[in-house]
Amino acid sequence: MTKPEARKGGVAALEQLKNGSLEPAGPDRARVMKQSSRDALLRRECEVYDDGTNTFFWRAHTVTVLFILTCALVYVTLLEETPQDTAYNTKRGIVASILVFLCFGVTQAKDGPFTRPHPAYWRFWLCVSVVYELFLIFILFQTVHDGRQFMKYIDPKLGVPLPERDYGGNCLMYDPGNTTDPFHNIWDKMDGFVPAHFLGWYIKTLMIRDWWMCMIISVMFEFLEYSLEHQLPNFSECWWDHWIMDVLVCNGMGIYCGMKTLAWLSMKPYQWQGLWNIHTYKGKIKRIAFQFTPYSWVKFEWRPASNLRRWLAVLGIIFMFLLAELNTFYLKFVLWMPPEHYLVLLRLVFFVNVGGVAMREIYDFMDDPKFHKKLGQQAWLVAAITVTEFLIVVKYDPNTLMLPIPFFVTQCWLLGILLIFIWTLWRFFIRDITLRYKETRRRRQEAPGEWDRPLTAGPPTPAPSGRSKLNGSSDVLRQRKS
């Protein structure tokens, strides 16, 4: 074959590939599938306009960070006298090692799906996730006594057993016996956890981006508190504290405000300009404020009943959410940390920053497995952290976890699990088989001759018309005319 013929053949094959009449093979097929996955991702995202301005704020500063880090180490080595306190030097060395690792990760780690307010911000929390997981692994490998006493190196006030507060007791919303303040039970429950509940569910709604999943997790956690109040006394709450203050007021209002924010973010125009390309002060201030909003918006469509893979993924997400919520209470119980301690607050701030990235990576991995072939790094770490926290609880206080669950509670949970299993079996197996069988029967009834006709090698014989059936074949007609 000559070169012009080969060139013509390549052009024809390219036209067939564009028209869809030719199936790509090998690397071309993988490239086309990857491009189609990217096109599907762009269809899920809203339209974004960016003028492409690359200022000092967005450039990588790897050499600058390395220079500053080297200068700090040279100062400590040559100009600073090392104190003769072993405990102080140990703490200082651990903190310095963590800071060096964070500097490396912020400048060199792989970017995630979020870019606002800056990719380095999310790289920082990725490295914090690694440090926190390593800390949990260290605590897991200690004895119960050593692990609890090790917390004193972080805060000398820790390492002391603390009594749990009982939120139950007198559950009268209106107490006629108290003439001074008959609503004192309600005011006693109005502590710092009320705004924390609201803010927490507002942020969780921004992570999950689905009203039904948020409400299911909210109600399920209240059922878990009912089921586990024999293990942790602070799970014992009044009925109106469970369903009115938690589910309806705090959680419900947080979910409602979160859904309103999601609606605004989905309709907001995403047009980005460089700060120096904006000429008005009002426009510059507005641009700085919008720097803390998403760069683009992706609407989450979980569709758990569409196929078995998505259904199991949604069940796993709900399970991990509930497990992380329970870890909050059990960890401070087994490690003897008071609820108002700053470490408890720091853990919540940590999950607020890493949870959104993890949910986006899980959704991309579930929604488009051809393009996202592996689970994201932040989602992997969040899952590992949640499991490690639970293992610490199991090791440090197995007696509390092994307290016998009331029989009627066990029956309720077994019934719920059985119903989920039956529905899964019917929806993704029995129903599909039944629909496939009905479709086959319908096709056979519509064209019964198509299933009984023998296969022939030649072209199909055309059906005779009504006149030919009455007059006979064409050969017989010719003989009659002759």
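# Exercises on helix packing and buried cores

Helix α4, which spans residues 86-108, packs against α5 at an angle of about 140°, and the axes of the two helices lie 8 Å apart. The structure used in these exercises is a predicted model.

## Exercise 1

Decide how α4 and α5 are oriented towards each other, and describe the residues that form their contact.

**Solution.** Step one is to take the angle between the helices, which is about 140°. Step two is to compare this angle with the cut-offs: angles over 145 degrees count as roughly antiparallel and 65 to 115 as roughly perpendicular, while the rest, apart from those under 35 degrees, count as oblique. Therefore α4 and α5 are oblique to each other. Step three adds the handedness, and the crossing of α4 and α5 is right-handed.

Step four turns to the residues themselves. From α4 come Ile98, Phe101, Leu102, Gly105, Val106 and Thr107, and these meet Ala120, Arg123, Phe124, Cys127, Val128, Val130 and Val131 of α5. Sorted by class, the contact of α4 with α5 consists of ten nonpolar, two polar and one charged residues.

## Exercise 2

Carry out the analysis for α5 and α13, starting from their angle and the distance between their axes.

**Solution.** Step one: α5 and α13 pack at an angle of about 120°, with axes that are 10 Å apart. Step two: because of this angle, α5 is oblique to α13. Step three: the crossing of α5 and α13 is left-handed.

Step four: on the α5 side, the residues of the contact are Tyr121, Trp122, Trp125, Val128, Ser129 and Tyr132, and they meet Arg347, Val349, Phe350, Asn353, Val354 and Val357 in α13. Step five: this contact of α5 with α13 is made up of nine nonpolar, two polar and one charged residues.

One residue of this contact can be followed further. Val349 lies in helix α13, and with a relative accessible area of 35% it is partly exposed. Although Val349 and Gly200 are 149 residues apart in sequence, their C-alpha atoms are 9.9 Å apart in space.

## Exercise 3

Find which elements build the largest nonpolar core, and trace the contacts of Ile208.

**Solution.** Step one is to establish the extent of the core: the largest nonpolar core has 53 residues, and Ile208, Trp302 and Phe350 are those with the most contacts inside it. Step two is to list the elements that give two or more residues to this core, namely α5 (119-140), α8 (193-208), α9 (211-228), α12 (308-334), α13 (342-367) and α14 (377-396). Among these, α12 gives the most, with ten residues.

Step three is to look at Ile208, which, when neighbours within four places in sequence are left aside, is in contact with Met213, Cys214, Ile217, Phe300, Trp302, Phe321 and Met359. Step four is to note that there is also a second, separate core of six residues, which includes Val194, Cys238, Met245 and Cys250.

## Exercise 4

Are Ile318 and Thr386 buried or exposed, and which residues do they touch?

**Solution.** Step one places the residues: Ile318 is found in helix α12, whereas Thr386 is found in helix α14. Step two uses the cut-off for a buried residue, which is under 20% relative accessible area. Ile318 has a relative accessible area of 12% and so is buried, and Thr386, at 2%, counts as buried too.

Step three gives the contacts, not counting residues up to four places away in sequence. Ile318 touches Met213, Ile216 and Ile217, while Thr386 touches Met320, Leu323, Ala324, Asn327 and Phe351. Step four adds a distance: Ile318 and Cys214 are 104 residues apart in sequence, yet 9.0 Å apart in space from C-alpha to C-alpha.

## Exercise 5

Explain what stands out in the backbone at Pro117, Arg209 and Arg303.

**Solution.** Step one recalls the general expectation, which is that most residues other than glycine have a negative phi and that most peptide bonds are trans. Step two considers the peptide bond from Arg116 to Pro117, which is cis, with omega near 0°; Pro117 sits in the loop between α4 and α5.

Step three considers Arg209, which is not a glycine and yet has a positive phi of about 60°. Arg209 belongs to the loop between α8 and α9, and its relative accessible area of 13% means that it is buried. Step four considers Arg303, another residue that is not a glycine but has a positive phi, here of about 45°. Arg303 is found in the loop between α11 (281-290) and α12, and it is partly exposed, with a relative accessible area of 43%.

Notes:
Residues numbered from 1 in each chain as written. Predicted model: local features only at pLDDT ≥ 70, side-chain atom pairs only at ≥ 80, totals over all residues. Heavy atoms only, no water. Core = buried A, V, L, I, M, F, W, Y, C linked by side-chain atoms within 4.5 Å. Buried < 20%, exposed > 50% of the residue type's maximum accessible area, 1.4 Å probe, protein only. Helix = DSSP H or I, 4+ residues; strand = E, 2+ residues; numbered from the N terminus. Contact = heavy atoms within 4.5 Å. Axes fitted to C-alpha atoms, helices over the stretch in contact; angles between N-to-C directions. Left-handed = near helix turned anticlockwise from the far one by under 90°. Nonpolar A, V, L, I, M, F, W, Y, C, P; charged D, E, K, R; others polar.
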